[in-house]
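Q: Please take a close look at the largest pocket in this model. What lines the pocket, and what lies around the lining?

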Amino acid sequence: MLLALISLLAFATQLGVSWMLAGTPGAQMLLFGTLAPIGKLELALIFTADIPASTVLMFTAPRLLIDRETLPEVLVRGPRAVLHHPGPVSILLVTMFLSVALAP
């Protein structure tokens, strides 16, 4: 249950960024799937806003299931790994941004 609530952080980040960039239509775009008057760069920013939070959660389930670590251990090690290894997270962020921003 706690892990599900923590994973909502990634979506909440996207929702907040879409609301800041496009207002109510941007938030409705994510919540209800409606069209919003935004460009490719804004859409790329919205979709890459959750990369830090989702990267932290990316290895949570394998560590819980395979390594048999406890949830508090995993939730401490995840952010620490992202902070100590910003290179791979940055590559993921730039790749995602460019793939959305440069799409036809």
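A: The pocket comes first, then the helices and the core.

This is a predicted model, where local features need pLDDT of at least 70 and side-chain atom pairs count only at pLDDT 80 or more, while totals for chains, interfaces and linings use all residues. Residues are numbered from 1 along each chain as its sequence is written, and side-chain values use heavy atoms, without hydrogens and water.

The largest pocket holds about 280 Å³ of space. A pocket here is an open set of points on a 1 Å grid over the protein atoms alone, where a 1.4 Å probe fits, with protein on both sides within 12 Å along at least five of seven lines; lining residues have an atom within 4 Å of a point. The volume is the space filled by probe spheres set on the points, which are joined across faces, edges and corners.

The lining has 16 residues, and the closest to the pocket's centre are Thr55, Phe59, Gly78, Ala81 and Val82. Helices are DSSP runs (H or I, at least four residues), numbered from the N terminus. Two or more lining residues come from each of α3 (51-58), α4 (60-65), α5 (71-84) and α6 (86-101). α5 gives the most, with five residues. By type, the lining has ten nonpolar, four polar and two charged residues. Nonpolar means Ala, Val, Leu, Ile, Met, Phe, Trp, Tyr, Cys and Pro; charged means Asp, Glu, Lys and Arg; the others, Gly among them, are polar.

Now α3. Its residues Ile51, Ala53, Thr55 and Leu57 are buried, meaning under 20% relative accessible area with a 1.4 Å probe, protein chains only. The buried residues of α3 pack against α1, α2 (40-48), α4, α5 and α6.

Next, α4. Thr60 sits in this helix. Thr60 counts as buried because its relative accessibility is 2%. Beyond its neighbours within four places in sequence, Thr60 is in contact (heavy atoms within 4.5 Å) with Leu3 and Val74.

Last, the largest nonpolar core: Val17, Met29, Leu30, Ala36 and Ile46. Such a core is a set of buried Ala, Val, Leu, Ile, Met, Phe, Trp, Tyr and Cys residues joined through side-chain atoms within 4.5 Å. Helix α1 (residues 2-32) supplies the largest share of this core, three residues.

How values were computed: Buried means under 20% relative accessible area, exposed over 50%, partly exposed in between (1.4 Å probe, protein chains only).
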